[in-house]
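Visitor: Could you walk me through this structure, one question at a time?

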Amino acid sequence: MLNLKVDSLFERVPALKEAGVKVARAIHEQVLAAGEPVREVMDVLHGTWLGHPLHPVLTDVVVGAFSLGSLFDLASLMGGGSSARRAADVLTAVGTASAIPTAITGLADFSAIPRGAAAHGLTHAAANSTALLFYLLSLAARKNGERGKGIALSTAGMVVVTAGAYLGGHLVFSKRVGVDHTERVTEPQDWVAVMNEGDLLQQEPVRTEAAGNGVLLYRSGDRVLAVGATCPHAGGPLEEGAFYDGCVQCPWHDSVFNLEDGSVVHGPAIYALPAYEARLRGGRVEVRLAKPA
Ligand code: FES
């Protein structure tokens, strides 16, 4: 199968993975060092506000415009006339213009890419940057009246962008980048005891299980807060994270979640954690799934 061949190809070039990890980490560290305003911009780029990764939404615009542009180029070569030429030029320009914000959102996602997908992500970015260069040169050639050269350049861009899009799909469907890494939790609807009260110390997070799902418990004063224990971004163990201001920060790529309701405070995570109600009864800690707000 092609996807397995792609993976074994990347495995044969470990330097690519190391380079990808290094670049991603360098960007991520700059983001963390820059503080709250930059993290908020990154949240917009990740799509935290949308509840869905923003990058694949924008890639549809780019790939759609370039594909249609190629069809109109073909139509113009087959005698489609000036309207086909004009449509091809406009679509090439739309695709090129929308490729820039798309690349920025891709770079934001790449900054927190899991290690196992870093080589794929770096190659995806390189392919799409190369395609963008072809399209910029194509636009320039079209503007100078060198139509044949412009079509040749955008055709080369289309070939490269198709390879980049394939890798983008592989990143999502095979490497599981951008998908929700938590289970769809529907239980327990009723209170269940999950541990002894005496084992849950103040501000000492504990991972336990309820109805087969990981639950993170955090005791603060008289209250016990309970949310899903697995980070939706890439499956990070939240009990190993940092706890502050009523939030937990994932140890892997620093997503921040509210411990009250599991909502995302900062990405790269897009999806909220399952939220639980928790109480102390008869020396036991009990939880049940919180009703949706
Ligand atoms: S696993 Fe990436 S932020 Fe948690």
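Here is a short chat about helices, packing and cores.

Guide: Heads up: this is a predicted model, where local features need pLDDT of at least 70, side-chain atom pairs count only at pLDDT 80 or more, and totals for chains, interfaces and linings use all residues. Residues are numbered from 1 along each chain as its sequence is written.

Visitor: How are H6 and H7 oriented to each other?

Guide: Helices here are DSSP runs of H or I with at least four residues, numbered from the N terminus. H6 (residues 118–143) and H7 (residues 147–173) pack at about 160°, with angles run from 0 to 180 degrees between N-to-C directions of axes fitted to C-alpha atoms over the stretch in contact. Angles over 145 degrees count as roughly antiparallel. So H6 and H7 are roughly antiparallel.

Visitor: Which helix gives the most to the largest nonpolar core?

Guide: A nonpolar core is a set of buried Ala, Val, Leu, Ile, Met, Phe, Trp, Tyr and Cys residues joined through C-beta atoms within 7 Å, and buried means 20 or more other C-beta atoms within 10 Å of a residue's own, with C-beta atoms placed from the backbone. The largest one has 35 residues. H3, H4, H5, H6 and H7 each supply at least two residues of this core. The top giver, with nine residues, is H6.

Visitor: What percentage of the chain's residues count as buried?

Guide: The chain has 293 residues. Going by that same C-beta count, the buried share is 42%.

Notes: Angles under 35 degrees count as roughly parallel, over 145 as roughly antiparallel, 65 to 115 as roughly perpendicular and the rest as oblique. A residue is buried if 20 or more other C-beta atoms lie within 10 Å of its own, exposed if 12 or fewer, and partly exposed in between; C-beta atoms are placed from the backbone.
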